[in-house]
Amino acid sequence: MEKETAIKAENIVKKFGSRTVLNGIDLEIYKGETFVIMGGSGCGKSTLLRHLIGAIRPDSGKVYLLGKDIVDLPEDEMDKVRKRIGMSFQGSALFDSMTVGENVSLSLREHTKLEESVINIVVKMKLELVGLRGFEDLMPSQLSGGMKKRVGLARAIAMDPEIVFYDEPTAGLDPIVAGVIDKLILDLSKKLSITSVVVTHDMGSVFRIADRIAMLYEGRVIEVGTKDEMQHSKNQLVQQFIAGSPDGPIKFFQQKDDYLEQLTK
Ligand SMILES: Nc1ncnc2c1ncn2[C@@H]1O[C@H](COP(=O)(O)OP(=O)(O)OP(=O)(O)O)[C@@H](O)[C@H]1O
Ligand SMILES: [Mg+2]
């Protein structure tokens, strides 16, 4: 069957000051797949994700999201595209002064004219989907880290998105809770036919959920493949990252001067 494209990035370049964080990113993500973007801390994964959802613009290059060229899209058109995607942020990003239910309902209130009673039903359904039935009146401070992440997922799927973006959904969770979140991501993809784009450096998670994986290194996608292809990759960088080995071509900064030099490169 011919694969349909959900997202395409062409030669994205992004600099912060004199530092080039993304240096010519090319990516194609297909509808319905779970696509993982992995790479070391600070390599630009969150920055890439923010480009893919149109939260920031590249210095040059193109991003196509659900068939639209979003780099120069007028704001009202972009709003329409935004309604079709969901985002689960690094560190869940819940509003602490709002209840769980209010957090989940935010985009429904902002983007739809649904009546309060309908919004409440949708919120209940979404919480049920992430295994938090009846939690709507609790405050985020009453929840564990894993539960907060699940509320973040419920919020991300509130508008029945076609694509959900996840930034480090399992970071900081114990292995069992991480496994629960991974299963949830897979379930949501299957039950709701969602395209999932997951940024992570949790290798356990990568191999549980990915249909395909892209590895980011020094601002570029150095390899894309299935789990099997990545595991058998001849690329030493990929091998070192998967093995989590301190020895190999990926260098770690030992000295402050080396680190600062890299930052100004
Ligand atoms: N708005 C910004 N202004 C200046 N520098 C930025 C900005 N956003 C990101 N950076 C820099 O870009 C680099 C990549 O950051 P990013 O957050 O994308 O990395 P990451 O791969 O998501 O890291 P982590 O795994 O730790 O979440 C970092 O050096 C960061 O300091
Ligand atoms: Mg990040």
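The legends below describe close-up views of a predicted model.

**View 1. The two domains of the chain and the contact between them.** The domain assignment divides the chain into domain 1, which comprises residues 1-84, 163-173 and 194-265, and domain 2, which comprises residues 89-160. Taken over C-alpha atoms, the centres of domain 1 and domain 2 are separated by 27 Å. To the contact between them, domain 1 gives 9 residues and domain 2 gives 9 residues. On the side of domain 1 that touches domain 2, 4 residues are nonpolar, 2 are polar and 3 are charged.

**View 2. Helix H5, residues 145-156, and its surroundings.** With 12 residues, helix H5 reaches 17 Å from its first C-alpha to its last, which is close to the 16 Å expected at 1.5 Å a residue. Because 9 of its 12 residues are buried, H5 is largely enclosed by the rest of the structure. Among these buried residues of H5 are Lys-148, Arg-150, Leu-153 and Ala-156. The buried residues of H5 pack against two strands, S6 (85-88) and S7 (163-167), and against three helices, H3 (100-111), H4 (116-129) and H6 (175-192).

**View 3. The residues that surround ligand 1.** The shell around ligand 1 includes Phe-16, Val-21 and Gly-39, the run from Ser-41 through Gly-42, Cys-43, Gly-44, Lys-45 and Ser-46 to Thr-47, and also Gln-90 and His-201. Helix H1 (residues 45-52) supplies the largest share of this shell, namely 3 residues. Sorted by class, the shell around ligand 1 holds 3 nonpolar, 8 polar and 1 charged residues.

How values were computed:
Residues numbered from 1 in each chain as written. Chains lettered and ligands numbered in written order. Predicted model: local features only at pLDDT ≥ 70, side-chain atom pairs only at ≥ 80, totals over all residues. Helix = DSSP H or I, 4+ residues; strand = E, 2+ residues; numbered from the N terminus. Expected span 1.5 Å × (residues − 1). Buried ≥ 20, exposed ≤ 12 C-beta atoms within 10 Å, placed from the backbone. Contact = placed C-beta atoms within 7 Å. Domains from an automatic or database assignment. Nonpolar A, V, L, I, M, F, W, Y, C, P; charged D, E, K, R; others polar. Near = placed C-beta within 6 Å.
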